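Me: I should like to go through this structure and ask, for each label attached to it, what justifies that label. Please set each value against the rule that applies.

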Amino acid sequence: MEAYTKTVEWMFQQLPMFQRVGAQAFKKDLSRTIKLAEHLANPQREFKSVHIAGTNGKGSTSHMLAAVLQEAGYKVGLYTSPHLKDFRERIKVNGKFIPKKNVVGFIKEHKDFLTENELSFFEMTVGMAFDHFAREKVDIAVIEVGLGGRLDSTNIITPEVSVITNIGLDHTAFLGETLPEIASEKAGIIKDNIPVIIGEKQKETTAIFTKKAQQHNSEIYFAEKLKFDKYHTDLKGDYQNKNIKSVLGAVKVLRQKGWEIPEECLKNGLNSVKLHTSLQGRWDILKEKPKVICDTAHNTEGLTLVFKQLKKEKFQHLHIVMGVVNDKDLGKILPLFPESAIYYFSKPDVPRGLEAEILQQKAAAYGMEGRVFNSVSEAYDAAVEAALDEDLIFVGGSTFTVAEII
């Protein structure tokens, strides 16, 4: 559909977006989002919601919770970012992407307003999502924060429950250099009298969250302190065990508020996340001989967990197809990568992609050796060709690297 392709291209090109261009897309207040919401007749007031923030795990947690609510029979909106293949992955109702004609129609109808007010890609996408959920009359929407919390465009909702999965050092240029500073930004989603679930209790951030919850008269629950049975999910990363606790905490609060989520639906929802939500890129096994695993982890905390799980795999040789963005602190993430692997360096196909030659040079200082390729797909093809059936290929370093081969 040519009109859809042109519309999405306009959205990407017309206005800066953090995922592609970095700092200039980051806004210092919510005034333009509020103005857009008013222009759209405040669609965010038409449906109930759950708001999910955090450095790692917020995407998986959002998809798991959406799957559980769908399994319980609710009509569920799901807003997440970034997308892997298609812009419409960001806006789903019961796992179905927003139709192309709706994307085209929304931009066409509001283009003058969007242009005059210089709305960013992210602001207009949030407006589109909320408008779609209101028109579809969803029972509840699971809304993932894009960046931070306090100043994120999604932060105009009043949810049933807020969730903050964890705090790590990512996007420090925007959110602060320390865990307490970043926690303060993410704590910005805590609202008056709305319960909040904290996924991981961290000594540097507990006081920040507790104080903020007190100021807002919000009940605060630390998920790892709550007693739950053991649950499983079809999402295979070991790190999902942490995210499950955040989901269980949210379900506990929703049940207290009268949402009917039977135990069977909780179990079935967690075990059919991919089926219900089409989630990809989280410890995704793409092939068996050789085994190919990709994961979108791209910061210290996420990559640490991924490589811990990689050590449990049995293989003869490890091949790693790697690409990163240019604002990544390589001094923090490169030491996490195994020296013994064979590397295939490439540049993700976005403006923020780091040149493969620079990555190769920086990686060499950490004992990581390999060749440079013109694209992620070329690097991947070379790895598949070189690998034996008993080998393992891992693809990662950035969401954008994974997006090109999935």
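Me: How many disulfides does a search of the whole structure find?

Reply: The search finds zero disulfides. The model is a predicted one, and a disulfide here requires a pair of cysteine sulfur atoms within 2.5 Å; no pair in the whole structure is counted as one.

Me: Why is Cys265 called buried, and why is Cys294 called buried?

Reply: The label requires a relative accessible area under 20%. Cys265 has 15% relative accessibility, so Cys265 counts as buried. Cys294 has 0% relative accessibility, and therefore Cys294 also counts as buried.

Me: What makes both faces of strand β10 covered?

Reply: In a regular strand the side chains alternate between the two faces of the sheet. Strand β10 spans residues 291–294, with Lys291 and Ile293 on one side and Val292 and Cys294 on the other. These residues are all buried, and both faces are thus covered.

Me: How do you know that β9 and β10 pair?

Reply: Two strands count as paired if at least two bridges are found between them. Strand β9, residues 284–288, is joined to β10 over four bridges, so the criterion is met; the sense is antiparallel. Ile285 stands opposite Ile293 in β10. The two strands form a hairpin, with two residues between them.

Me: Which strand pairs with β10 in the parallel sense?

Reply: That strand is β14, residues 392–396, which is paired with β10 over four bridges. Within β14, Leu392 is the bridge partner of Lys291.

Me: What makes the peptide bond from Lys289 to Pro290 worth noting?

Reply: Most residues other than glycine have a negative phi, and most peptide bonds are trans. The bond from Lys289 to Pro290 is cis, with omega near -5°. Pro290 is found in the loop between β9 and β10. A further cis peptide bond runs from Ser81 to Pro82, with omega near -10°, and Pro82 is found in the loop between β2 and β3.

Me: Which residues flank the loop that holds Pro82, and how do you know that β2 and β3 are paired?

Reply: Strand β2 covers residues 76–79 and strand β3 covers residues 91–93. Three bridges join these antiparallel strands, so the requirement of at least two is satisfied. Tyr79 has Ile91 in β3 as its bridge partner.

Me: Why are β4 and β8 said to stand at the edges of their sheet?

Reply: Eight strands form an open sheet in the order β4-β3-β2-β5-β1-β6-β7-β8, with mixed pairing. β4 (96–97) and β8 (220–222) each have a single partner strand, so one side of each is left without a neighbour in the sheet.

Me: Are Ser162 and Ile164 of strand β6 buried or exposed?

Reply: Ser162 lies in strand β6, residues 161–164, and so does Ile164. At 0% relative accessibility, Ser162 counts as buried because the value is under 20%. Ile164 also has a relative accessible area of 0% and is therefore buried.

Me: What makes the approach of Ser162 to Ile189 a polar contact?

Reply: A polar atom of the Ser162 side chain lies 3.4 Å from the backbone oxygen of Ile189. The cut-off for such a contact is 3.5 Å, so this distance falls within the limit.

Me: Why is Glu118 called exposed, whereas Trp283 is called buried?

Reply: Glu118 has a relative accessible area of 53%, and exposed means over 50%, so the label applies. Trp283 has a relative accessible area of 2%, which is under 20%, and therefore counts as buried. Glu118 is placed in the loop between α5 (100–116) and α6, and its phi is near 50°, a positive value in a residue other than glycine. Trp283 lies in the loop between α12 (273–277) and β9; its phi, near 45°, is likewise positive.

Me: How many cavities of 30 Å³ or more are counted, and which classes of residue line the largest?

Reply: The count comes to one cavity of 30 Å³ or more. The largest cavity has a volume of about 40 Å³. Its lining includes Thr33, Leu36, Val126 and Phe130. The elements giving two or more residues to that lining are α3 (31–39) and α6 (121–135). By class, the lining has seven nonpolar, three polar and no charged residues.

Notes:
Residues numbered from 1 in each chain as written. Predicted model: local features only at pLDDT ≥ 70, side-chain atom pairs only at ≥ 80, totals over all residues. Heavy atoms only, no water. Buried < 20%, exposed > 50% of the residue type's maximum accessible area, 1.4 Å probe, protein only. 1 Å grid on protein atoms, 1.4 Å probe; cavity = no way out; pocket = protein on both sides within 12 Å on 5 of 7 lines; lining within 4 Å. Points joined across faces, edges and corners; volume = space filled by probe spheres on them. Nonpolar A, V, L, I, M, F, W, Y, C, P; charged D, E, K, R; others polar. Polar contact = N/O pair within 3.5 Å; in protein donor to acceptor, adjacent residues only side chain to side chain.
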